[in-house]
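Here are my notes on the model, set out as numbered points. Please read them with the structure open.

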Amino acid sequence: MSREPTKSKSDGDATAAPARASGKSGTLPETKPSASEDIAAFVAKARAMSPHAAGAKGRLVFALDATMSRQPTWDMACTLQADMFREAAAIGSLDIRLVYYRGLNECRASNWISEPAHLAKLMGGIACQGGNTQIGKVLSEARREAVASGVRAVVFVGDAMEESVDNLCAKAGELGLLKVPVFMFQEGHDDVAERAFREIARLTGGAWCRFDPGAAAQLRELLRAAAAYAAGGRAALLRLSRTAGGAAQLIGQMK
């Protein structure tokens with residue numbers, strides 16, 4: 001059986017020891033692709049509680065690679081995350097669920113957060129650790145939340161991909177069926193990561209964008225655009241695209 005990323009013992013303590021499950025700690029095995037009837041069931045359930053309904057609060061899964069090479073960008077994202085809330089506040093409202101992976105099979109998820117100071121405090125307590133990518137776990141968590149509570153979009157920020165691209169594409173396809181776009185924001189120029197990130201974005205109806213290492217202004221624009229979509233849908237992203245390059249990059253790729 002699969003398990004979701006471990007939740008912290010409290011919202012403000014992201015480095016707390018993970019809760020035990022099935023005698024193991026801190027692990028989240030990969031899940032097999034759903035059978036057709038399972039896919040039909042979760043699609044029907046998700047559509048019945050669509051987060052795109054009028055008056056619904058926007059929900060965004062904010063996923064980050066927290067392996068060792070990512071520390072500078074993690075610190076930068078800590079300072080930029082408030083921009084997502086500010087952009088969303090001008091449109092509607094936004095809850096963010098932080099998901100990150102690092103080290104040896106460690107993947108964790110926060111509760112839903114509606115205050116930028118709360119998210120900043122949570123992220124500030126996390127140190128990056130060496131390890132391989134766990135993007136499959138991020139996509140599985142996003143799929144689970146899409147069914148359980150409704151998700152408008154997923155943002156992933158990373159620089160590498162060290163997993164089976166076919167397995168990732170199967171998970172991305174499930175999110176595509178749920179109409180949950182994944183915005184893959186790639187730092188740097190790794191060709192393997194780019195091919196995988198582009199395909200994940202395509203399969204979900206999302207977008208792939210590159211930003212230069214340490215480029216705060218580029219990442220800020222991309223995060224603002226994703227927040228606009230999560231809070232107000234395609235119409236809000238389209239409005240922002242008239243004045244912001246990051247939003248124009250996203251809307252130009254989305255189906």
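**Notes on helix packing and two loops**

1. In this predicted model, helix 2 and helix 7 (residues 216-241) cross at roughly 30°, and their axes come within 9 Å. Angles under 35 degrees count as roughly parallel, so helix 2 and helix 7 are roughly parallel to each other. Their crossing is right-handed.

2. Which residues make this contact? Helix 2 contributes Thr 73, Met 76, Leu 80, Asp 83, Met 84, Glu 87 and Ala 88. From helix 7 come Ala 216, Leu 219, Arg 220, Leu 223, Arg 224, Ala 227, Ala 228, Ala 231 and Leu 240. By type, the residues of the contact of helix 2 with helix 7 are 11 nonpolar, 1 polar and 4 charged.

3. A second pair is helix 4 (residues 135-148) with helix 5 (residues 165-177), whose axes lie 9 Å apart at an angle of about 20°. That angle makes helix 4 roughly parallel to helix 5. Here the crossing is left-handed.

4. On the helix 4 side of this second contact are Ile 135, Gly 136, Leu 139, Ser 140, Ala 142 and Arg 143. They meet Leu 168, Lys 171, Ala 172, Glu 174 and Leu 175 in helix 5. The residues of the contact of helix 4 with helix 5 comprise 6 nonpolar, 2 polar and 3 charged.

5. Helix 3 (residues 116-124) has buried residues at Leu 119, Leu 122 and Met 123. These cover an arc of only 95° around the axis, so they are on the same side of helix 3. Ala 117, Lys 121 and Gly 124, on the other side of helix 3, are exposed.

6. What do the buried residues of helix 3 pack against? Their partners are strand 4 (58-65), helix 2 (71-89), strand 5 (94-102) and strand 6 (106-113). Helix 2 is also in contact with helix 7, as listed in point 2.

7. Two loop residues deserve a look at their backbone angles. Most residues other than glycine have a negative phi. Asn 105 is not a glycine, yet has a positive phi of about 60°. Asn 105 sits in the loop between strand 5 and strand 6. Its relative accessibility is 37%, so Asn 105 counts as partly exposed.

8. Lys 179 is not a glycine either, and has a positive phi of about 60°. Lys 179 belongs to the loop between helix 5 and strand 8 (182-187). Is Lys 179 buried or exposed? Lys 179 counts as exposed because its relative accessibility is 53%, and the cut-off for exposed is over 50%.

Terms used: Residues are numbered from 1 along each chain as its sequence is written. This is a predicted model: local features need pLDDT of at least 70, side-chain atom pairs count only at pLDDT 80 or more; totals for chains, interfaces and linings use all residues. Side-chain values use heavy atoms; hydrogens and water are left out. Axes are lines fitted to C-alpha atoms, for helices over the stretch in contact, and angles run from 0 to 180 degrees between N-to-C directions. Helices (H or I, at least four residues) and strands (E, at least two) are DSSP runs, numbered from the N terminus. Angles under 35 degrees count as roughly parallel, over 145 as roughly antiparallel, 65 to 115 as roughly perpendicular and the rest as oblique. A crossing is left-handed if the near helix is turned anticlockwise from the far one by less than a right angle, and right-handed if clockwise. Contact means heavy atoms within 4.5 Å. Ala, Val, Leu, Ile, Met, Phe, Trp, Tyr, Cys and Pro count as nonpolar, Asp, Glu, Lys and Arg as charged, and the others, Gly among them, as polar. Buried means under 20% relative accessible area, exposed over 50%, partly exposed in between (1.4 Å probe, protein chains only). The arc is that of the directions from the helix axis to the C-beta atoms.
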